[in-house]
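Dear colleague,

Here is the structure I promised to pass on. My notes on it follow below.

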Amino acid sequence: QVQLVESGGGLVQAGGSLRLSCVASGSILSINAMGWYRQAPGKQRELVAGIRSGGSTNYVDSVKGRFTISRDNAKNTVYLQMTSLKPEDTAVYYCNVEGYRPPYLTPFNSWGQGAQVTVSS
């Protein structure tokens, strides 16, 4: 199985910065897409940012210019650098990884445990 461990959440004032990290471990043959989702109280989970194996990225409009997603393929790690944080960014942030594992290139789609990000005004 593939496990994801997130770190880096916390409490920050509006305008501040945080960096989230997510490490994938286990039997992994290859990783295709990595992404960050968030879910605020009473709202649906939404895709915040994604990055594919070739490096192409996508962002939800509300974070463009403020958040940056990156990955370290050698470490099976994805990062989310968040700057100019706003109170509306408050949510639980989840990492998601898609790829292939043994045997026979079995596809997997794994989720992290979630990291609370709270932005105070």
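**The loop between β9 and β10**

P103 sits in the loop that connects β9 to β10 (106–111). Please keep in mind throughout that this is a predicted model. The peptide bond leading from P102 into P103 is cis, its omega being near -5°. Y104 belongs to the loop between β9 and β10 as well, and has a positive phi, near 60°, without being a glycine. With a relative accessible area of 82%, Y104 is exposed.

A positive phi also occurs at N76, again a residue other than glycine, with a value near 50°. N76 is found in the loop between β7 and β8. Its relative accessible area is 24%, so N76 counts as partly exposed, since buried would require a value under 20%. As background, most residues other than glycine have a negative phi, and most peptide bonds are trans.

**Overall fold**

The protein chain contains eleven strands and zero helices, so the order of elements from the N terminus is β throughout. The C-alpha trace spans about 50 × 25 × 25 Å along its principal axes. The radius of gyration is 14 Å, which agrees with the value near 14 Å that a compact globule of 121 residues would have.

Of the contacts between residues at least 6 apart in sequence, 56% join residues at least 24 apart.

**Core**

Buried residues account for 40% of the 121 residues. The largest nonpolar core holds 30 residues, and those with the most contacts inside it are L20, W36, F67, V78, L80, M82 and Y93. At least two residues of this core come from each of β1 (2–7), β3 (18–26), β4 (30–39), β5 (46–51), β7 (67–72), β8 (77–82), β9 (91–101) and β11 (115–120). In soluble globular proteins, nonpolar side chains tend to be buried together.

Which residues does V78 touch, leaving out those up to four places away in sequence? The list is L20, S21, C22, M34, W36, I51, I69, S70, R71 and C95. L20 and W36, which V78 touches, are also among the residues with the most contacts inside the core.

**Surface and charge**

The accessible surface of the protein chain is about 6,300 Å², and carbon and sulfur atoms make up 49% of that area. There are 11 positive and 7 negative charges, and the mean positions of the two sets are 3 Å apart.

Regards

Definitions and conventions. Residues numbered from 1 in each chain as written. Predicted model: local features only at pLDDT ≥ 70, side-chain atom pairs only at ≥ 80, totals over all residues. Heavy atoms only, no water. Helix = DSSP H or I, 4+ residues; strand = E, 2+ residues; numbered from the N terminus. Rg over C-alpha atoms; globule rule 2.2 N^0.38 Å. Buried < 20%, exposed > 50% of the residue type's maximum accessible area, 1.4 Å probe, protein only. Contact = heavy atoms within 4.5 Å. Areas by Shrake-Rupley, 256 points an atom, 1.4 Å probe, with all protein chains shown as cover. Lys, Arg positive; Asp, Glu negative; His and termini not counted. Charge placed at Lys NZ, Arg CZ, Asp CG, Glu CD. Core = buried A, V, L, I, M, F, W, Y, C linked by side-chain atoms within 4.5 Å.
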